[in-house]
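Subject: Structure handover

Hello,

Here is the structure you asked for. My notes on its cores and pockets follow.

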Amino acid sequence: GGRDGSAEPAATGTDGGAEMIYLGIDPGKTGALALLDAYTLRVTCHDMPWTTAELHDLISGLPEIRACALEKLFAGPIMGRAALCTMFADFGILKGALMWRSIPFQEVQPSKWKAALGLSKDKNASREKAMQFFPEDTGQFKRVKDHGRAEAALLAWWCVGAARAAK
């Protein structure tokens, strides 16, 4: 089984390398993108770019991605209209960039992927789980503000299991 018994991400062989890369995306200004090599279980995180140009530069430089898990947005009751408009516009730009690169993605509710990994809304628990799953890459999750990186990495981990289950 997986390292915690709740998932089965470790690959047993390569599919030519490029096809073993999965992408997890925690959208929003404090979010991140995480590339997971399902064969080596190494993860590389990128903080969410601040501009459309920076996002397109990052997406254009990504290797071939087998599958991507994109966390669905949640509009909280206390959010202002301007913040909501900006958040959803940025989400549309992000989805457009993925489509432009022909990166297959699925949107997933936070409650769905977090439940599959035994997580709650606690951002610190996500950081701890990411450090447990990716012991060679813990430096990317050590600061409290690295919760977006941790959640992106865990989304990529969840994506591996979802892709395998769909076969």
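A nonpolar core here is a set of buried Ala, Val, Leu, Ile, Met, Phe, Trp, Tyr and Cys residues joined through side-chain atoms within 4.5 Å. Buried means under 20% relative accessible area (1.4 Å probe, protein chains only).

This is a predicted model: local features need pLDDT of at least 70, side-chain atom pairs count only at pLDDT 80 or more, and totals for chains, interfaces and linings use all residues. Numbering starts from 1 along each chain as its sequence is written, and side-chain values use heavy atoms, without hydrogens or water.

Cores. The largest nonpolar core has 30 residues. V43, W113, F134 and F141 have the most contacts inside it. Helix α5 (147–166) is one of the elements giving two or more residues, and α5 gives the most, 11. Helices and strands are DSSP runs (H or I, at least four residues; E, at least two), numbered from the N terminus. Another core, of 18 residues, lies apart and includes I65 and F91.

Pockets. These are open sets of points on a 1 Å grid over the protein atoms alone, where a 1.4 Å probe fits, with protein on both sides within 12 Å along at least five of seven lines; lining residues have an atom within 4 Å of a point.

- The largest has a volume of about 590 Å³. Its lining has 23 residues, with E71, K72, F74, P110 and K123 nearest the centre. The largest share, four residues, comes from α3.
- The second largest has a volume of about 240 Å³. Its lining has 16 residues, and α2 supplies the largest share, six.

Best wishes

Terms used. Buried < 20%, exposed > 50% of the residue type's maximum accessible area, 1.4 Å probe, protein only. Points joined across faces, edges and corners; volume = space filled by probe spheres on them.
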